[in-house]
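Work through the exercises below with the model open beside you. Each one has a task and a stepwise solution.

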Amino acid sequence: MPVLTPMLAPAFVALLACASFAARAQSELPGIVVSASRTEQRVADALPATTLITREDIDAAQTPDLATLLRRVAGVEIAQSGGAGSVASAFIRGGEARHTLVLIDGVPINNLNFSLPALEHIPLANVERIEVVRGNVSSLYGSAALGGVIQIFTRQPAGVPQATLTAQGGSRGLFEASATGSVKLASGTGLSATLDTLSDGGIDAIRHNEIAGTDPDRDGYRRRSASLAVTQAIGEHRIGLKLRETRGTTEYDSEFGPATQRDVSHFVEQGAVLDGQLRVSSSLRVDAALTRSADKLDAAETAFPYFVNSESTGGQAGLQWQPAQGHRITAGIEHQRQHVTSDTVYTSDSRDVDSARAGYTFEGGPHHLQLNARHDRYSDFGGANTWLAAYGYDITKELRASVSASTGFNAPTFNDLYYPFGGNPALRPERVRSWEAALRYAAHGQELRTTLFENRYHDLIANDAFFNRVNVGHARNRGVEVTYTGRILGWGVNASATSQDPRDVDTGTRLLRRARVLGHLALDRDMGPWQLGGNLRFSGNRLDRGGRTVGGWGVLDLTASYTVSPQVRVFGRVENAFDRDYETVYGYRQPGRGVFVGVSWQPAIR
């Protein structure tokens, strides 16, 4: 285990500074999560570092898309090539963007050609909560979870009829409107639906002094989404159907030009889940689901038009059994059929994935234990075994120390294996070995956690000198992460700082698009009918393609809302309040100052 280096000192000092406020908290930490162990537990009890974003948090943030919201999460870096709708990548604890697994209602949505989720197209109107697990949990979820998991849970029918109409607009010609409603009938039938539309005039994304010969136009974005959930309770059992679709148009600037070229792509994101929950006894529950997800991209207008579609269909079944107080066992099997279609003919365009997992958690006295193991078998390249072992000990009622170790893998994509120009069917999966040690203080409505972590990657997939895909890479990232949540002098505080050293072991250079220092500080306060908030996010410089350096930055966002009546709330936000000129991908600017206002109406329903 590496020693604390000078690189880690700033975050360590932040931990000590935050600890001085430990006696000023006011209420117990809320929140139940499932993503850290695949079983219900308080977020404060999760051994893997976990962030819970509630519906109240989403409403308070006022952000129109997931990529913008995730910039507020500890250890998460978002690199985006422009404004709304442009390609966004999430790096968790210095892992590759393809090492972040995103699920919606338990279904992976990472595409099959690059293993990247379309974060930029996920609307928030239908989201009930988001759970972010930082660190390798491949033994729970399989491929792509090396860096962490972002799991999105959509709205469910409420116990009483509810409806909300929301509209907002402002800078860049942004306009968004959404309508949500739900009802649960006496028969046990529940219905929930959401409609959302967004239009953004966009910005001229490319810096023409850095990437010359490109189109100097504004790059707009349009998105429409709809979702429907139907549930039926049958005694203690439940069955449900969830459908969602998002489609739209993204205008962008190709870095390859020419300056007269108009670049437009159309996208469709779809998902369907038919699931059921059977309560066998008070201690045994069985869950099953049939799933489908699709990611479709058609770059219809560009210098070299193309299209590529990913589709996964499958099923899963699992159980949760509590044989005795404090002991909980989970197990499950999964099957997926993965298929790609494109104007490029792949040498193979489909494969099957079969998985089996088992887990055990124990909570007794001062001891906390989590064990997970998983086997994944791919029909094309073979199998992968992964495991996780974590232990926590309560030094006092408020203070817990924990350690964990784990292994993980990332499957080669269809592009890696079968793309006719450089694909290599002999590729092995990417691998990681991870460990972390954490100290957590939680009491009186606040939590302070510091985590030391290290991830060592091998068999990373990259291009050789002839642009063929090969297993050549070795990388590692070690660092310290400090998070604090609580109330100080009447203000709600959510803060994080990460100091890390993501590095290519073979060359000694820093990994692309990952900063050595990043963090955020968010404050909020209720003042009668007013709710005020501010969020300062910052990042150090980072290396980008071609040896270029992207400068560090700090950006302040401000929010306010006013409750006019129990049914009406008006709100507004200022993004990038000081109009900071910055970029997260070399050559592509981020939006400047933006001012937005909106109104939300919840009609009284009886």
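The exercises on this predicted model cover salt bridges, nonpolar cores and cavities.

**Exercise 1. Place the salt bridge of Asp 196: find its partner, the elements involved and the burial state of both residues.**

Step 1. The partner is Arg 223, with the closest N and O atoms 3.1 Å apart.
Step 2. Asp 196 sits in strand S12 (residues 189-203) and Arg 223 in strand S13 (residues 219-234). The two residues are 27 apart, so the pair links distant parts of the chain.
Step 3. Asp 196 and Arg 223 are both buried.

**Exercise 2. Assign burial classes to the salt bridge between Asp 380 and Arg 351.**

Step 1. The closest N and O atoms of this pair are 3.0 Å apart.
Step 2. Asp 380 is in the loop between strand S20 (367-378) and strand S21 (382-394), while Arg 351 belongs to strand S19 (residues 350-364), so the bridge ties together parts 29 residues apart in sequence.
Step 3. Buried means under 20% relative accessible area, and exposed means over 50%.
Step 4. Asp 380 has 25% relative accessibility, so Asp 380 is partly exposed. Arg 351 has 4%, so Arg 351 is buried.

**Exercise 3. Do the same for Asp 459 and Arg 428.**

Step 1. Their closest N and O atoms are 2.9 Å apart.
Step 2. Asp 459 lies in strand S24 (residues 446-463). Arg 428 lies in the loop between helix H5 (414-418) and strand S23 (430-443), 31 residues apart from Asp 459.
Step 3. At 17% relative accessibility, Asp 459 is buried. At 42%, Arg 428 counts as partly exposed.

**Exercise 4. Widen the view: how many salt bridges are there, and which residues join Arg 38 in a network?**

Step 1. The count is 43 salt bridges, with a cut-off of 4 Å between side-chain nitrogen and carboxyl oxygen.
Step 2. Arg 38 is linked in a network of salt bridges with Glu 334, Arg 357, Arg 374 and Asp 376.

**Exercise 5. Describe the largest nonpolar core and the contacts of Leu 70.**

Step 1. The core has 24 residues. Those touching the most other members are Leu 66, Leu 70, Leu 119, Ile 130, Val 132 and Ile 152.
Step 2. Elements giving two or more residues include helix H2 (55-61), helix H3 (66-70), strand S8 (127-134) and strand S9 (148-154). The largest share, 4 residues, comes from H3.
Step 3. Leaving out residues up to four places away in sequence, Leu 70 touches Val 76, Ile 78, Leu 119, Val 132 and Ile 150.
Step 4. Another core of 14 residues lies apart from it, with Ala 36, Tyr 141, Ala 144 and Val 149 among its members.

**Exercise 6. Set out the volumes and linings of the largest and second largest cavities.**

Step 1. The whole structure holds 12 cavities of 30 Å³ or more.
Step 2. The largest cavity has a volume of about 520 Å³. Of its 36 lining residues, Pro 108, Ser 143, Gln 336, Gln 338 and Tyr 378 are closest to the centre.
Step 3. Strand S17 gives the largest share of this lining, 5 residues. By class, the lining of the largest cavity has 12 nonpolar, 19 polar and 5 charged residues.
Step 4. The second largest cavity has a volume of about 380 Å³. Its lining has 32 residues, with Asp 65, Thr 68, Arg 172, Glu 575 and Pro 591 nearest the centre.
Step 5. The lining of the second largest cavity has 10 nonpolar, 11 polar and 11 charged residues. S12 and S13 are among the strands that each supply at least two of them.

Terms used. Residues numbered from 1 in each chain as written. Predicted model: local features only at pLDDT ≥ 70, side-chain atom pairs only at ≥ 80, totals over all residues. Heavy atoms only, no water. Buried < 20%, exposed > 50% of the residue type's maximum accessible area, 1.4 Å probe, protein only. Core = buried A, V, L, I, M, F, W, Y, C linked by side-chain atoms within 4.5 Å. Contact = heavy atoms within 4.5 Å. 1 Å grid on protein atoms, 1.4 Å probe; cavity = no way out; pocket = protein on both sides within 12 Å on 5 of 7 lines; lining within 4 Å. Points joined across faces, edges and corners; volume = space filled by probe spheres on them. Nonpolar A, V, L, I, M, F, W, Y, C, P; charged D, E, K, R; others polar.
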